[in-house]
Amino acid sequence: MSAKVELSELHSAKSTRRLEQIAGLRVRGIGDHVDLPQLVVCGDQSAGKSSVLEGITGLPFPRQDGVCTKFATEIILQHSDGERVIVATILPTSSRLEQSKSKLQRYKRHLAEFEELPVAIAEVGSLMGIRGFEGVQDGPAFARDVLRIEVTGPVGLHLTVVDLPGLISVANDEQTEDDVRTVQDLVDSYVANSRTIILAVVQANNDIANQGIIQKSRRFDQAGERTVGIITKPDLINEGTEKRIALLAKNEDTTKLKLGFFLVKNPTPSELASGITSEQRRKAENRYFQSPPWKEQALRMDRVGVVSLQKFLQNLLDQHIERELPKVREEISNLMRKTEREITAFGDDRPTVGHLRMFLSPVSQCSFTISPPPLSMATIMRLIRPSSVKAESKTIPQGFGPSHIV
Ligand SMILES: Nc1nc2c(ncn2[C@@H]2O[C@H](COP(=O)(O)OP(=O)(O)OP(=O)(O)O)[C@@H](O)[C@H]2O)c(=O)[nH]1
Ligand SMILES: [Mg+2]
């Protein structure tokens, strides 16, 4: 399956200039301080989140029967000229002990193709110590660490897409209270971020009102400007209940979203096992919604299928970027002001011995009227401040004061 083709379909010419600005920020490392727009799939366990993400992007998220998403996977797509490079790393959660943190930080894998994503996921799951992955019998069922896949090259996009584990309604033998909390916190941390476009995935064969992501998105996205509802598994509902799902898809049911819903039909487990391609998936989905019982439901076709969803997301992403860029600009200005203040606090440059003497003489006079505390080498280097000298954090003997330097 070619991921390149699908990825470019989320790209819109209108946003190219904006996206290039974002790329420029990332190149300068600003992305480390400022969050940039991201598409995040959220919803109950097994709702079809990874399948939806695969449908939109073409990226092969593992989604076979019985394979659950166990940790957040961020795919950071950055368009650039030149060869495509895909690198997988781990962002450990801050609560890990130093030793285990550095073990995870050492992980780095170059992927030749997107098809190697499931291999990286398997390696990383095992390193994170998640139960069920190779060599791990005991351990939590989910992790708060993040797998990061950074893709640079001619992908036609500057965007992050995130696959998340599913919300667990109640703890059981397999999934403890701790696991429930881990996933809740993880999902909250993404949903709370104003730059996240929430793809709220709900399955048609469960009561929509009871699916936690709808309440959660209302709590975190009160304006409703960044939540898109996606209804999956229409093929698994009871015969005769299509009207209710059609109402929801038309945003005419009691549960409504400002940005409305999309109705999609992802591949079934047996279609996945047969190795269905993206093209075949789209054709099959199209045929499915053109046939009874859906044909009679007067569905809006621009709200049905993964291709319609892609088109909608293109526009939403454009609007989102337009809305977010002023905030990004403000955050960068704040960051610059803070850094300027820190630099000013160091005082003027003291490039010569004369400058140093002038600066230190009042300090030396008063420092010997009281018992001087030991000065660290780093402090002395800060006083001298030639930028080329690397300060060592080494304590110097008691009694050694600034007068020893001048
Ligand atoms: N029949 C049918 N099966 C679906 C549909 N969407 C997903 N599935 C199946 O449901 C199972 C779970 O799909 P995933 O995409 O892995 O669901 P998920 O929400 O990512 O699951 P977790 O990561 O475990 O929370 C897979 O076996 C899919 O084939 C659908 O629209 N129709
Ligand atoms: Mg999943």
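**Helix burial, ligand shell and nonpolar core in a predicted model**

In helix α3 (49-57), the buried residues are K49, S50, S51, V52, L53, E54, G55, I56 and T57, where a residue is termed buried if 20 or more other C-beta atoms, placed from the backbone, lie within 10 Å of its own, exposed if 12 or fewer do, and partly exposed in between. Because nine of the nine residues of α3 are buried, this helix is largely enclosed by the rest of the structure. Just after α3, G58 adopts a positive phi of about 85 degrees.

The structure is a predicted model, for which local features require pLDDT of at least 70 and side-chain atom pairs count only at pLDDT 80 or more, whereas totals for chains, interfaces and linings use all residues. Residues are numbered from 1 along each chain as its sequence is written, and chains are lettered from A and ligands numbered from 1 in the order in which they are written. The protein contains 13 helices and nine strands, taken as DSSP runs (H or I with at least four residues for helices, E with at least two for strands) and numbered from the N terminus. Of its 406 residues, 31% are buried. Among contacts between residues at least 6 apart in sequence, 74% join residues at least 24 apart, a contact being defined by C-beta atoms, placed from the backbone, within 7 Å.

Ligand 1 is surrounded by 23 residues, of which G48, C68, T69, G166 and N266 come nearest; a residue is counted as near when its C-beta atom, placed from the backbone, lies within 6 Å of the molecule. The elements giving two or more residues to this shell are α3 (49-57) and α9 (269-273), and the largest share, three residues, comes from α3. By residue class, the shell around ligand 1 comprises seven nonpolar, ten polar and six charged residues, with Ala, Val, Leu, Ile, Met, Phe, Trp, Tyr, Cys and Pro counted as nonpolar, Asp, Glu, Lys and Arg as charged, and the others, Gly among them, as polar.

In helix α5 (residues 117-127), the buried residues are L117, A120, I121, V124, G125 and L127. Seen down the axis of α5, these fall within an arc of 155 degrees, so they line one face of the helix, the arc being that of the directions from the helix axis to the C-beta atoms. Their cover includes β2 (72-79), β3 (85-91), α4 (98-105), β4 (108-111) and β5 (146-153).

Helix α7 (residues 212-220) has I213, K216 and S217 as its buried residues. These cover an arc of only 95 degrees around the axis, which puts them on the same side of α7, while the face turned away from that side carries the exposed residues Q215 and R219. The buried residues of α7 are covered by elements including β1 (38-43), α6 (177-191), β7 (196-203) and β8 (227-232).

The largest nonpolar core, a set of buried Ala, Val, Leu, Ile, Met, Phe, Trp, Tyr and Cys residues joined through C-beta atoms within 7 Å, has 67 residues, of which C42, L199, I230 and I231 touch the most other members. The largest share of this core, six residues, comes from β7. Beyond its neighbours within four places in sequence, C42 is in contact with L164, V187, V191, I198, L199, A200, V201 and I213.

In the loop between β7 and α7 lies I208, which counts as partly exposed because it has 18 C-beta neighbours inside 10 Å. Excluding neighbours within four places in sequence, I208 is in contact with V202, I214, L248 and T255; the C-alpha atoms of I208 and T255, 47 residues apart along the chain, are separated by 7.7 Å.

Terms used
Contact = placed C-beta atoms within 7 Å.
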